[in-house]
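This report describes a predicted model. It begins with a single residue and then widens to helices, contacts between chains, strands and loops.

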Amino acid sequence: MTKRWQVLPRLSWRNVRRQWRRSLLTGTAMMLGVAALVFSRTIGDGAHEDWIDSGVRQGSGHVAVQDPGFRASRKLEHRISAAQWEAVAGALEAPDVAPYVERMTSRLEVLGLANAPTAAVPVNIVGVDPAAEAEFSQLGVEQRLVEGRYLEPGDRLHAYVGRRLADRLDVALGSRLVLTAQDESGDIAGQLVRVVGIFRTGVPEVDEGLVHVPLATVQRWLGAEGDITTVAILLRSAWDVPRVLRRVRARVEEATDEVAVLGWREAMPELDAAIKLDDFWGYVFNIVLFVIVALAIVNTVLMSVLYRTREFGVLRALGLTKRETATVVFTEGMMLTAIAGLIGLALGYGLVWLLFRNGLDYSGALEGDLTFSGVVLDTVVIPVYRGVQVVMSLGSIVAVGIVASLYPAYRATRIDVAEAMKFEA
Amino acid sequence: MAESPWWRIGWRNLGRNRRRTVVTASALAVGYFSVVLMVGLLKGLVAEMIENGTGIITGQIQVHAEGYLPDKEVYATIGGRDGADVAALVAAVEVDPEVHAATPRVYGGGLVSTGSATAAALFLGVDPQREPRVSKLMRGLERGRHPAAGANEILIGSEMARTLGAEPGDEVVVVAPAIDGSLGNDLFIVSGVFHTGLVDLDRAFAILPIDVLQFLIAMPPSRIHEVAAAVRSPWRAVEAMPRIQTGLAEAGFDASAESWVTLRPEMVDYANLSEAMEWVMLLIIFVMAIFGVANTMLMATFERRYEFALLLALGTAPWAIVKSVLYEALALGVIALAAGVAITAPVMVWWYEAPPNVSWLFGEYTLSGALMRPVLRVEYPWVMAVGAAFALFITAVLAALYPAVRAARVPPADTLSGR
């Protein structure tokens with residue numbers, strides 16, 4: 001004998017199939033909803049990965065190692081010595097951390113003044129290791145290089161400056177600049193440098209306020225031989241940051257409390273806020289879409305319930321409890337949602353892969369550069385596929401299904417058996 | 001012939017199954033509400049960006065000597081070496097009806113030192129009375145007070161105060177290269193500390209009374225670099241700009257006016273991008289709504305196939321039946337729009353008056369160089385409110401087309417005979 005629990009889903013499924021045109025229409029809404037969710041998440045995650053990547057490359061990396069006081073003071077007195085760095089370097093070489101690290105670079109950063117005969121401009125002077133930094137911040141790549149070249153190993157009195165800064169100081173390639181800043185003892189010290197290259201990032205603050213100089217030059221000029229202010233670490237992926245941060249911190253705290261290990265969210269709170277805002281918009285938009293989809297599904301299932309008064313009357317007369325009648329209706333809604341949702345999921349990923357696997361290019365919509373919290377947004381977004389997106393899509397499918405099927409299921413229990421059977425259709 | 005009955009048939013049919021009408025209309029109303037609200041939020045974001053981006057320091061309109069931008073050379077003062085009648089110049093800008101206030105400015109670069117610490121600074125010479133009416137820079141006073149005209153007082157940013165370890169009342173040395181090639185330096189009292197939230201401003205800017213800065217860098221009082229003006233609404237600056245330009249020429253000043261649109265083109269770009277996004281949102285939401293409505297209309301017409309068959313058998317033209325179903329959709333649109341406006345209007349007004357603070361969700365951030373507060377504000381999206389209303393009707397009618405055509409194709413004889 002067929003069990004009751006086997007009968008109920010079969011009843012539901014038959015009804016989905018019997019009204020195939022209606023199911024198709026409602027299902028299409030759900031399919032599009034899920035496909036839109038997949039699209040917005042893959043593109044959104046891709047865009048965020050780009051932002052984080054360019055943000056951390058220009059900033060202090062996914063993970064930064066600094067003196068605890070440096071971020072607030074940006075003063076030379078809050079620097080880390082070679083000995084302190086050794087302790088942290090050990091933690092980064094540990095087998096459970098090292099595989100995540102892509103590259104790192106040491107910097108000595110000070111605030112100072114760039115002086116030329118006609119003007120003086122406040123700048124952030126960064127002493128860099130030319131070889132490591134070239135790969136890290138990529139300020140010297142073709143798109144950013146305006147003139148000349150990036151710093152090279154062996155350079156001494158050379159400077160790499162932004163275009164706006166060069167314009168304001170009225171300097172060209174080969175021109176001399178005097179950088180002034182407070183040295184290790186608190187006195188103002190000057191350093192003559194020669195411009196070897198000019199870059200343009202599109203971020204006004206950076207193009208006007210950043211100077212790269214060889215690390216050894218800055219160390220000698222400011223009397224801080226061997227010392228640095230920041231070690232910027234680039235990981236293979238931004239998603240590894242929490243894991244790496246936890247492991248490195250645990251080890252560093254054992255060794256010393258004079259060094260802080262910061263994640264990019266702490267080091268760049270503005271970028272963090274920008275990404276959260278963008279995510280927030282994504283969620284609002286998707287919730288709105290699903291509310292509309294849910295209304296379409298409520299309508300379909302509700303209608304199918306109200307048309308089948310007699311059918312439910314018969315089922316109840318044959319001995320189905322109220323709960324079982326509701327289950328039939330509820331299962332019907334869930335089946336419709338689930339099938340359409342899964343097709344939508346496949347459709348979404350299929351379309352994104354088919355159309356945008358090489359990147360979604362929206363550069364046509366913009367003439368200049370779009371900057372968000374000091375990061376120039378890349379106008380070509382490569383979609384990113386993550387497990388979380390699938391979980392989120394499945395979650396919304398189930399949520400919409402439940403929300404949309406509850407009321408019709410409740411309605412189905414309210415049928416008066418005697419009334420329903422009395423009516424001749 | 002009496003008025004066509006098809007309107008009334010369509011309208012009445014909505015009343016026959018009220019629950020269905022309510023659910024369908026609510027899908028459209030929710031669509032309308034979401035579009036208007038989201039576009040309102042997006043416009044709020046852009047307004048916040050423009051207001052803060054231009055309001056903190058830029059001002060919506062700036063007047064400079066020809067060629068001052070982009071190099072900002074200290075010699076390029078308005079009116080050249082001889083300078084200009086500053087009061088008349090400011091008045092010539094302020095006379096424009098759109099201009100709310102205008103103020104003269106002088107820029108310089110140099111160092112501020114407490115003896116133990118030194119910071120590089122961009123000096124901004126301002127008229128302490130006029131400046132607060134144009135920019136928010138001086139309104140963000142954290143501690144102390146504004147510098148008084150004629151006094152050796154300096155207002156510094158919060159980051160600079162921290163670097164220097166300086167508090168209001170402390171004495172600092174200000175060093176600035178003067179335009180005659182000498183090095184101007186003098187003792188100043190820190191009158192106060194301002195905070196804008198933009199690290200670059202808070203770190204680099206120091207505000208001095210305009211006359212004091214002019215004296216420090218050996219510039220006569222007639223020479224200024226800039227007149228900055230605030231207009232009543234940022235988008236009006238574009239219209240006001242040519243008028244101001246003409247006014248300046250008529251008053252005999254050799255100076256060029258520029259609005260924030262050319263001073264901060266990246267913000268215009270973002271505004272345009274966000275407008276494109278508004279239409280994409282409208283499209284997506286109403287495409288989704290089509291399916292919900294189409295379904296209901298299909299069921300509603302299927303239910304009435306005997307009625308349609310009878311009408312057709314009595315000689316009604318199929319076109320009349322299509323019309324009747326489309327009228328029904330239009331009537332549904334009217335109900336949905338009324339409901340949509342009824343829920344949207346109060347929410348928008350409430351939101352506009354009391355924008356929620358979402359600092360628990362995210363902190364301050366910058367967009368196209370403008371500092372953004374973590375506040376979700378809305379602007380009234382009038383164009384989109386009308387656009388979405390049209391979209392709602394188009395959606396309803398598009399969704400009804402297929403059901404209408406099917407209704408008109410009901411085979412009369414078969415249907416009536418119950419086959």
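Leu37(A) is a residue of helix H2 of chain A. Is Leu37(A) buried or exposed? Leu37(A) counts as buried because it has 24 C-beta neighbours inside 10 Å, and the cut-off for a buried residue is 20 or more. Once residues up to four places away in sequence are set aside, Leu37(A) touches Asn286(A), Gly348(A), Ser393(A) and Ser396(A). A further pair shows how separation in sequence and distance in space can be compared: Leu37(A) and Tyr283(A) lie 246 residues apart in sequence, and their C-alpha atoms are 9.1 Å apart in space.

The helix that holds Leu37(A) can be described as a whole. Helix H2 covers residues 20–58 of chain A, and its 39 residues should span 57 Å at 1.5 Å a residue. The C-alpha atoms at its two ends are 56 Å apart, which agrees with that expectation. H2(A) is also mostly covered, with 32 of its 39 residues buried.

**The nonpolar core**

In soluble globular proteins, nonpolar side chains tend to be buried together. In this predicted model, the largest nonpolar core has 262 residues, and Ile292(A) and Val293(A) touch the most other members. Helix H11 of chain A, residues 269–307, gives the most to this core, namely 19 residues.

Which residues are in contact with Ile292(A), apart from its neighbours within four places in sequence? They are Ala27(B), Val30(B), Gly31(B), Ile285(B), Met288(B), Ala289(B) and Gly292(B).

**Where the two chains meet**

In the contact between the two chains, 60 residues of chain A are in contact with 57 residues of chain B. Several elements of chain A each supply at least two residues of the side that touches chain B, among them H2, H11, strand E2 (101–115) and strand E3 (120–128). The largest share of this side comes from H11(A), with 21 residues. By class, the side of chain A that touches chain B has 33 nonpolar, 15 polar and 12 charged residues.

**The chains as wholes**

Chain A contains 15 helices and 14 strands. Its radius of gyration is 31 Å, well over the 22 Å that the globule rule gives for 425 residues, so chain A is more spread out than a compact globule. Chain B contains 14 helices and 12 strands. For chain B the radius of gyration is 32 Å, well over the 22 Å given by the globule rule for 419 residues, so chain B too is more spread out than a compact globule. The table lists further values for each chain.

| Chain | Span along the principal axes | Buried residues | Share of contacts (separation of 6 or more) between residues 24 or more positions apart |
|---|---|---|---|
| Chain A | about 100 × 50 × 30 Å | 50% of 425 residues | 82% |
| Chain B | roughly 110 × 50 × 30 Å | 49% of 419 residues | 80% |

**A strand pair in chain B**

In a regular strand the side chains alternate between the two faces of the sheet. Strand E10 of chain B, residues 256–259, shows such alternation. Ala257(B) and Ser259(B) point to one face and are buried, while Ser256(B) and Glu258(B) point to the other and are not. E10(B) pairs with strand E1 of chain B, residues 61–64, in the antiparallel sense over 4 bridges. Within E10(B), Ser256(B) is the bridge partner of His64(B).

**Two residues with positive phi**

Most residues other than glycine have a negative phi, and most peptide bonds are trans. Gln138(A) is not a glycine, yet its phi is positive, at about 50°. Where is Gln138(A) found? Gln138(A) is in the loop between helix H5 (130–136) and strand E4 (145–148) of chain A. Gln138(A) counts as partly exposed because it has 17 C-beta neighbours inside 10 Å.

Ala218(B) likewise has a positive phi, about 55°, although it is not a glycine. Ala218(B) lies in the loop between helix H7 (210–216) and strand E9 (226–231) of chain B. With 14 other C-beta atoms within 10 Å, Ala218(B) is partly exposed.

Notes: Residues numbered from 1 in each chain as written. Chains lettered and ligands numbered in written order. Predicted model: local features only at pLDDT ≥ 70, side-chain atom pairs only at ≥ 80, totals over all residues. Buried ≥ 20, exposed ≤ 12 C-beta atoms within 10 Å, placed from the backbone. Expected span 1.5 Å × (residues − 1). Core = buried A, V, L, I, M, F, W, Y, C linked by C-beta atoms within 7 Å. Contact = placed C-beta atoms within 7 Å. Nonpolar A, V, L, I, M, F, W, Y, C, P; charged D, E, K, R; others polar. Rg over C-alpha atoms; globule rule 2.2 N^0.38 Å. Pairing = 2+ DSSP bridges.
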